[in-house]
Each structure stands twice: as C-alpha cells, then as structure tokens.
Amino acid sequence: MSPACRAGGPRRAHAVATGLGLALLLGACAPRPAVVPELTRGQRMPRYGAALAQRQAKGAMAEAEAVVWTRRAGAGALPAVQATLALARPDRFRLRAQSLFGTAIDLAAHGDSLTAYLPSRRAGASLDATRDSLGVRLPGTLACRVMSADWQPPEDAWERAAWRDTLLVLRWEEDGDSLAVAVGGGGLPESVTLTGPAGRGARVRYEEWRFEDGVMWPALLVLEDLPRSFSITCRIERVRFRPRPDDQRFAVRIPGEARRLDRAELRRLLARLEERWGARSR
C-alpha cells in the first residue's frame with residue numbers, strides 16, 4: 001500500500017497537505033524525552049520495532065489537541081490555529097480547525113475518500129481520491145501514518161541501511177514510490193521522505209517526541225514539500241487513546257442545503273480564506 005502521492009512538484013506537496021488537513025490553509029514547548037544512549041545498527045532495529053509496536057497497540061484510536069500553522073516561501077508563516085485531531089488505524093483521520101467564530105473547517109479522510117465542511121461558507125465537498133484526482137492515494141491511510149509515525153520498513157531495508165552522520169537511513173519501495181526513514185540514536189524516526197517516480201515528493205520531520213500514556217508519540221512534526229516552498233507545522237498535545245474506534249468521531253456531516261464543491265472549487269475557496277486570514281492578522 002503506497003502512502004505516497006502521484007502528482008509532482010508543488011501539486012504533490014499540496015496534495016499531501018490536503019490529506020492531512022486542508023483546514024491548515026486557514027491560517028509551553030513539549031517536554032523532551034529523557035536522553036538515551038546512541039544505538040548501534042543492531043540495537044536500533046529492535047528499539048525501533050518495539051516503539052512502533054507500542055504506538056500501533058495504543059493507537060487503535062487516538063485523539064489530541066494541536067496547534068498548527070503553515071508557511072509559504074516568500075509569504076512567511078500564517079498565525080497558528082487551534083485544532084483537534086482524531087485518528088484510527090489503519091485509515092481514518094479527522095481534523096477540526098478553529099477560528100475566532102467557531103469551527104473554520106471540519107475535515108475527515110477515510111481510505112481513499114475525503115469530506116470537508118466549511119460552516120462559515122455553508123459549503124462542503126465529498127471527494128474520492130481516484131474519481132476526483134486528489135493527487136494523493138489513500139489520504140486517510142497516509143494521514144494516519146504521518147501523524148502516528150507508522151512507518152514499517154521491511155527487514156531487508158535494515159540490512160541495506162546506510163549511515164548519514166549519526167542517523168541510520170533505511171530505504172525501500174512501495175508500489176513504485178520510494179521511502180527513506182532516518183532513524184535517530186534512540187531508535188525513533190527523525191524524518192521520512194516520500195518520493196515519486198519523477199523524483200519529487202515530500203518530507204516529514206519528527207522534531208520532538210513525548211511519552212503519552214507509556215508510549216513515545218510525535219509531539220512536534222513538520223510536513224514540507226521537497227523544494228521547501230510550503231510547510232505545515234503541527235504541535236500535538238494532550239493525546240488520549242481509546243481501545244476501539246468511535247465511528248461518530250469520524251463523521252463529518254454536510255447539511256443538505258450546503259453548497260457542494262468540487263476539488264478545484266474547494267482549493268480556490270481555501271486559498272481565498274488563507275489570504276483573508278493572513279491579511280486580518282497583519
């Protein structure tokens with residue numbers, strides 16, 4: 001199952017951003033874990049696998065609060081916004097971003113489908129990754145993997161891993177796309193790069209981790225396109241785990257009287273809201 005996008009250049013990066021939450025376009029540090037000794041190649045593999053297994057076991061459903069902000073090259077960073085996140089392995093994700101007047105956008109991804117509702121505009125969209133050419137395959141699966149660092153290198157990737165300074169970099173292919181995971185001294189991923197056949201893609205940087213209910217969970221991550229023209233930063237706080245998914249937590253309802261948007265209309269509307277939000281903040 002490929003987590004990577006099929007479009008190139010900026011379209012690819014923006015598509016990944018869409019899968020994670022188009023709401024971010026509207027717009028106290030976490031404690032660092034205890035320092036652990038640097039691990040050798042042989043030690044990193046079991047440490048990485050154990051931490052991943054713990055996250056997978058805890059993450060049947062996870063909910064969290066978040067502070068998110070976006071940055072575009074030449075435009076700087078937009079103001080941070082508050083959001084709530086929910087994910088359920090393997091392929092459900094929901095994000096609700098808040099504005100001064102309530103919910104700015106409510107977005108859910110499930111497998112290859114994406115649903116978004118903008119209350120202030122009484123407009124929404126129900127999109128399918130294949131039919132509507134979102135540019136990202138299985139956005140729900142991709143969002144879950146990014147937010148929970150659910151990257152599962154095959155065994156031969158460990159055998160072929162190479163050092164980059166103090167990082168051990170693992171590379172493998174998934175359905176024609178290339179993945180590279182840089183594993184740090186504590187056995188946790190520090191970055192993941194997703195590259196398509198054309199050599200373009202996106203990168204996730206896991207800049208901070210935190211113990212949440214006994215497991216290491218991403219606390220600060222940055223998603224960026226490879227040219228670094230666009231990025232999303234997300235600080236995750238107050239993570240709660242549930243033993244099983246709650247279907248109602250992932251249901252985004254578009255009222256019958258709301259205006260229905262296609263993919264192009266949704267992107268144009270979000271771009272206008274981004275411009276207005278940035279202008280009001282200056």
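Colleague: What phi does Ala 149 take just after H3?
Modeller: This is a predicted model, in which local features need pLDDT of at least 70, side-chain atom pairs count only at pLDDT 80 or more, and totals for chains, interfaces and linings use all residues. Residues are numbered from 1 along each chain as its sequence is written, while side-chain values use heavy atoms and leave out hydrogens and water. Most residues other than glycine have a negative phi. Just after H3 (helices, H or I with at least four residues, and strands, E with at least two, are DSSP runs numbered from the N terminus), Ala 149 has a positive phi of about 55 degrees.

Colleague: How many residues of helix H3 (residues 139-148) are buried?
Modeller: Buried means under 20% relative accessible area, exposed over 50%, and partly exposed in between, with a 1.4 Å probe and protein chains only. The buried residues of H3 include Pro 139, Arg 145 and Met 147. The helix is largely enclosed by the rest of the structure, because the buried residues number 10 of the 10.

Colleague: Is Asp 213 buried or exposed?
Modeller: Asp 213 is placed in the loop between S12 and S13. Although not a glycine, Asp 213 has a positive phi of about 55 degrees. With a relative accessibility of 52%, Asp 213 counts as exposed.

Colleague: What is the omega of the cis peptide bond that joins Arg 89 and Pro 90?
Modeller: Pro 90 is located in the loop between strand S3 (81-88) and strand S4 (92-99). The cis bond between Arg 89 and Pro 90 has an omega of about 5 degrees.

Colleague: Which strand gives the largest share of the largest nonpolar core?
Modeller: A nonpolar core is a set of buried Ala, Val, Leu, Ile, Met, Phe, Trp, Tyr and Cys residues joined through side-chain atoms within 4.5 Å. The largest one holds 59 residues, and among those that touch the most other members are Trp 151, Leu 170 and Tyr 206. The largest share of this core, 6 residues (230-242 being the range of the strand), comes from strand S14.

Colleague: How far apart are the C-alpha atoms of Leu 52 and Val 215?
Modeller: Leu 52 belongs to helix H2 (residues 41-58) and is buried at a relative accessible area of 8%. Beyond four places in sequence, Leu 52 is in contact (heavy atoms within 4.5 Å) with Ala 149, Asp 150, Trp 151 and Gln 152. Leu 52 and Val 215 are 163 residues apart along the chain, yet the separation of their C-alpha atoms is 9.2 Å.

Colleague: What is the centre-to-centre distance between Trp 217 and Phe 241 in their aromatic pair?
Modeller: Rings of Phe, Tyr and Trp (its six-membered ring) pair if their centres lie within 6.5 Å; planes under 30 degrees apart count as stacked, over 60 as edge-to-face and the rest as tilted. The structure holds 3 aromatic pairs, including the tilted pair of Tyr 206 and Trp 209, with 40 degrees between the planes. Trp 217 and Phe 241 are edge-to-face, with 70 degrees between the planes and a centre-to-centre distance of 5.1 Å.

Colleague: Which strand holds Glu 212?
Modeller: Glu 212 touches Trp 217, Arg 238, Val 239 and Phe 241, residues up to four places away in sequence being left aside. Glu 212 is buried, with a relative accessible area of 11%. The strand that holds Glu 212, spanning residues 201-212, is S12.
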